[in-house]
Amino acid sequence: MAEDIQKNEQAEIIVLAQSPWPGYRVAFYLVFVLGTLYLLLAFSGLLSSGGH
């Protein structure tokens with residue numbers, strides 16, 4: 001069983017995915033900040049319609 005395992009002697013890392021599109025990090029942070037601000041406004045009551 002152990003004879004079937006092939007070892008990578010050079011310890012290379014094989015990348016199977018494509019590189020992300022430029023600006024993905026800025027877009028992630030922008031969406032994260034906007035989502036956080038929306039949740040803060042929603043739970044603070046500023047976005048409520050004044051129901052109860």
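This is a short tour of the structure above, stop by stop, with a selection to make at each one.

**The whole chain.** Start with everything shown, and keep in mind that this is a predicted model. The chain has 52 residues, and buried residues make up 0% of them. Switch to a cartoon view and the secondary structure comes to 1 helix and 0 strands. If you turn on a surface, the accessible area is about 5700 Å², with 66% of that belonging to carbon and sulfur atoms.

**The helix.** Now select residues 24-44, which are helix α1. This helix has 21 residues. From the first C-alpha to the last, α1 reaches 30 Å, close to the 30 Å expected at 1.5 Å a residue.

**The aromatic pair.** Next, show the side chains of F28 and F32. What is the angle between the planes of the rings of F28 and F32? A pair of aromatic rings is described by the distance of the centres and the angle of the planes. A search of the whole structure finds 2 aromatic pairs. The pair formed by F28 and F32 is stacked, at 6.3 Å centre to centre and with 20 degrees between the planes. Along the chain, F28 and F32 are 4 residues apart in helix α1, so about one helical turn separates them. In general, an α-helix has 3.6 residues a turn, so residues three or four places apart point the same way.

Are these two rings buried or exposed? F28 is exposed, with a relative accessible area of 52%, and F32 is exposed too, at 51%. Add Y29 to the selection and you have one aromatic cluster, formed by F28, Y29 and F32.

**The nonpolar patch.** Keep those three residues and extend the selection to L30, V33, L34, L37 and L40. Together with F28, Y29 and F32, these residues make a nonpolar surface patch of about 850 Å². Colouring this group on the surface view is a handy way to see where the patch runs.

**The end of the helix.** Finally, move to S44, which is found in helix α1. S44 counts as partly exposed because its relative accessibility is 48%. Which backbone oxygen lies 3.0 Å from a polar atom of the S44 side chain? Select L41 to find the backbone oxygen in question. One more click takes you to G45, just after α1, where the residue takes a positive phi of about 100 degrees.

Definitions and conventions. Residues are numbered from 1 along each chain as its sequence is written. This is a predicted model: local features need pLDDT of at least 70, side-chain atom pairs count only at pLDDT 80 or more; totals for chains, interfaces and linings use all residues. Side-chain values use heavy atoms; hydrogens and water are left out. Patches are made of residues with over 30% relative accessible area and no salt bridge: like charges are joined within 9 Å, nonpolar side chains (Val, Leu, Ile, Met, Phe, Trp, Tyr) within 5 Å. Accessible areas come from the Shrake-Rupley method with a 1.4 Å probe; for residues, only the protein chains shown count as cover. A salt bridge is a side-chain nitrogen of Lys or Arg within 4 Å of a carboxyl oxygen of Asp or Glu. Helices (H or I, at least four residues) and strands (E, at least two) are DSSP runs, numbered from the N terminus. Buried means under 20% relative accessible area, exposed over 50%, partly exposed in between (1.4 Å probe, protein chains only). Rings of Phe, Tyr and Trp (its six-membered ring) pair if their centres lie within 6.5 Å; planes under 30 degrees apart count as stacked, over 60 as edge-to-face and the rest as tilted. The expected span of a helix is 1.5 Å times one less than its number of residues. A polar contact is a pair of N or O atoms within 3.5 Å; within protein, one must be able to donate a hydrogen and the other to accept it, and residues adjacent in sequence count only if both atoms are side-chain atoms.
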